[in-house]
Amino acid sequence: MMTIKHTLLSLLLCGYTAAAVANDSTATLGAGGIEFTKNASIAMEQEDLFISTEQIRVKYIFRNNSAQDITTRVAFPVPEFPETPDGDIAMDTHSDNPLLFAVQVDDQPKIVETEVKKNDGQVKLTHHWMQTFPAGKALVVSHQYRPVVGGEAGFWFEGEERTTRIKNYCIEPDLLKWIKQNHQPDKGKNLSPHFVDYILTTGANWQGAIGKFRLTLQKQTSNERVTFCGEGLQKVDAKTFVMEKTNFVPQTDLRILFLQQNSP
């Protein structure tokens, strides 16, 4: 697969660097979604992806188009975190399942194993299980977990960082105007940013394109703003947006910025 990108674990006042989340593919998995090695016999007929700062849910419909069952190990590595953190990391660092990761196959809960590795004060957890894709049949795999959310004590939007964020999150003129109006620290007006990364390009590791792809983004409040680099996002209600594609081959990963307005 691709090189795993990095995001920030939420701290109260400071940041800790950790690996991003990922999409389903065939033999190893990146934190955030299931990641496999390339497979020429299994097609992803449908992917329904829901992202908020509180939960990520993904439902896939796979079809094994070969004449034989295919069994492979699926793995979900959690971003590394410090064994004895200095800050207040927004996850239970003493748990073997800090992101509350859960899997269902054909709507039945799947039991997963967890590998725990500790090295130089860092903890690395990997959830994994064996999965059989039956020959000539569809298989529904879904999972959910709490995302690793990046945050800042104050939104930094000056100089080179401003240029980089406009590019990385495709911030358009209307949103730039809103940021300028609502982010004036000298007047007590501040924005709180939250960053969610999701590795989507592993969806290209299956047989052909993703037949039907649906992305749902949900804000926590109607006053919050959300932006990412994607086309065709439609507003459903004050907090929900949907993007739908057919025969979709993801070329880039998702980097999503949520901006919440703080009252002066």
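## A first look at this predicted model

C229 is partly exposed, with a relative accessible area of 32%. Welcome to this structure, which is a predicted model. C229 makes a good starting point, as a disulfide joins C170 to C229, and C170 is also among the residues closest to the centre of the largest pocket. From there, the tour moves on to two residues with positive phi and then to the aromatic rings.

**The disulfide**

- The structure holds 1 disulfide, and its partners are C170 and C229, with an S to S distance of 2.0 Å.
- The link of C170 and C229 is right-handed, with 105 degrees about the S-S bond.
- This pair ties together distant parts of the chain, 59 residues apart: C170 sits in the loop between α1 and α2, and C229 in the loop between β16 and β17 (234-235).
- Like C229, which has a relative accessible area of 32%, C170 is partly exposed, and its value is 33%.

**The largest pocket**

- The largest pocket has a volume of about 360 Å³.
- It is lined by 15 residues, and those closest to its centre are C170, E172, L175, V226 and T227.
- Two elements give two or more residues to this lining, namely α2 (173-182) and β16 (225-227).
- Sorted by class, the lining of the largest pocket has 8 nonpolar, 5 charged and 2 polar residues.

**Positive phi without glycine**

- C170 appears again here: it is not a glycine, yet its phi is positive, at about 50 degrees.
- The loop that holds C170 runs between α1 (159-168) and α2.
- L100 is not a glycine either, and its phi is positive too, at about 55 degrees.
- You will find L100 in the loop between β7 (81-82) and β8 (102-105).
- How exposed or buried is L100? Its relative accessibility is 54%, so L100 counts as exposed, the cut-off being over 50%.

**Aromatic rings**

- The structure holds 7 aromatic pairs.
- One of them is formed by F62 and F133, which meet edge-to-face, 5.6 Å centre to centre and with 85 degrees between the planes.
- F62 belongs to strand β5 (residues 56-64) and F133 to strand β11 (residues 122-133), so the pair links distant parts of the chain, 71 residues apart.
- Are these two rings buried or exposed? F62 is buried, with a relative accessible area of 0%, and F133 counts as buried at 2% relative accessibility.
- Another pair is F101 and Y145: their ring centres are 6.3 Å apart and their planes lie at 50 degrees, so this pair is tilted.
- F101 and Y145 also link distant parts of the chain, 44 residues apart, with F101 in the loop between β7 and β8 and Y145 in strand β12 (residues 138-145).
- Both residues of this tilted pair, F101 and Y145, are buried.
- F62 and F133 have further company, as ring pairs link Y60, F62 and F133 into a cluster.

**A charge over a ring**

- Which residue lies over the face of F50? It is R57, at 3.9 Å from the ring centre.

Methods. Residues numbered from 1 in each chain as written. Predicted model: local features only at pLDDT ≥ 70, side-chain atom pairs only at ≥ 80, totals over all residues. Heavy atoms only, no water. 1 Å grid on protein atoms, 1.4 Å probe; cavity = no way out; pocket = protein on both sides within 12 Å on 5 of 7 lines; lining within 4 Å. Points joined across faces, edges and corners; volume = space filled by probe spheres on them. Helix = DSSP H or I, 4+ residues; strand = E, 2+ residues; numbered from the N terminus. Nonpolar A, V, L, I, M, F, W, Y, C, P; charged D, E, K, R; others polar. Buried < 20%, exposed > 50% of the residue type's maximum accessible area, 1.4 Å probe, protein only. Phe/Tyr/Trp six-rings, centres within 6.5 Å; stacked < 30°, edge-to-face > 60°. Lys NZ or Arg CZ within 6 Å of the ring centre and 35° of its normal. Disulfide = S-S within 2.5 Å.
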